[in-house]
Amino acid sequence: FTGKVHVGYIPNGKIIGLSKLARIADVFARRLQVQERLTAQIADAVVEAVDPLGVAVVVECSHFCMVMRGVQKVGASTVTSSVRGCFQKDPRTRSEFFNIIHRN
């Protein structure tokens with residue numbers, strides 16, 4: 001599959017560089033797996049790396065099995081999300097994240 005990964009986190013004193021976030025996503029995306037697990041693994045890796053107050057990850061993908069084989073639905077995509085910490089507990093924080101990533 002191909003697509004985009006959106007990562008948001010609220011630091012708890014320690015921060016992580018943008019290239020490190022991209023590397024985390026790449027490490028897990030290279031493995032043969034389902035999108036739901038990929039989304040959760042990225043969120044868990046950010047939690048492990050910086051112990052933030054909260055993490056939110058959204059993965060938007062177009063799957064080749066949907067586009068090229070089988071049902072051949074061009075433009076079909078799947079969106080999964082995984083939230084931890086304050087993004088899970090506070091609907092305002094979660095809503096702000098989803099509003100930011102859906103502006104485009």
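Buried means under 20% relative accessible area, exposed means over 50%, and partly exposed lies in between, using a 1.4 Å probe and protein chains only. Keep that scale handy for the tour.

You're looking at a predicted model, where local features need pLDDT of at least 70, side-chain atom pairs count only at pLDDT 80 or more, and totals for chains, interfaces and linings use all residues. Residues are numbered from 1 along each chain as its sequence is written, and side-chain values use heavy atoms, with hydrogens and water left out.

**Stop 1: Phe-98 and its neighbours**

Select Phe-98. At 23% relative accessibility, this residue is partly exposed. Now add Phe-97, which is buried at 8%. The two form an edge-to-face aromatic pair, 5.5 Å centre to centre with 70° between the planes. For the rule behind that: rings of Phe, Tyr and Trp (its six-membered ring) pair if their centres lie within 6.5 Å, and planes under 30 degrees apart are stacked, over 60 edge-to-face, and the rest tilted.

How many aromatic pairs does this rule give? The count is 2. Add Phe-87 to see the pair it makes with Phe-97: the ring centres are 5.8 Å apart and the planes sit at 70°, so this pair is edge-to-face. It links distant parts of the chain, with Phe-87 in helix H4 (residues 86–89) and Phe-97 in helix H5, 10 residues apart. Helices here are DSSP runs (H or I, at least four residues) and strands are E runs of at least two, numbered from the N terminus. With Phe-87, Phe-97 and Phe-98 all on screen, you have a cluster linked by ring pairs.

**Stop 2: Thr-93**

Stay in helix H5 (residues 91–101) and pick Thr-93. Is Thr-93 buried or exposed? It's buried, because its relative accessible area is 15%. Show contacts (heavy atoms within 4.5 Å): leaving out residues up to four places away in sequence, Thr-93 touches Ile-10, Cys-86 and Phe-87. Its side chain also makes a polar contact with the side chain of Asp-90, at 3.2 Å. A polar contact is a pair of N or O atoms within 3.5 Å; within protein, one must be able to donate a hydrogen and the other to accept it, and residues adjacent in sequence count only if both atoms are side-chain atoms.

**Stop 3: helix H1**

Finally, select residues 18–29, helix H1. Colour its buried residues: Leu-21, Ile-24, Ala-25 and Phe-28. Looking down the axis, they fall within an arc of 95°, so they line one face of the helix; the arc is that of the directions from the helix axis to the C-beta atoms. Among what covers them are strand S1 (2–10) and helix H2 (35–50).

Key
The expected span of a helix is 1.5 Å times one less than its number of residues.
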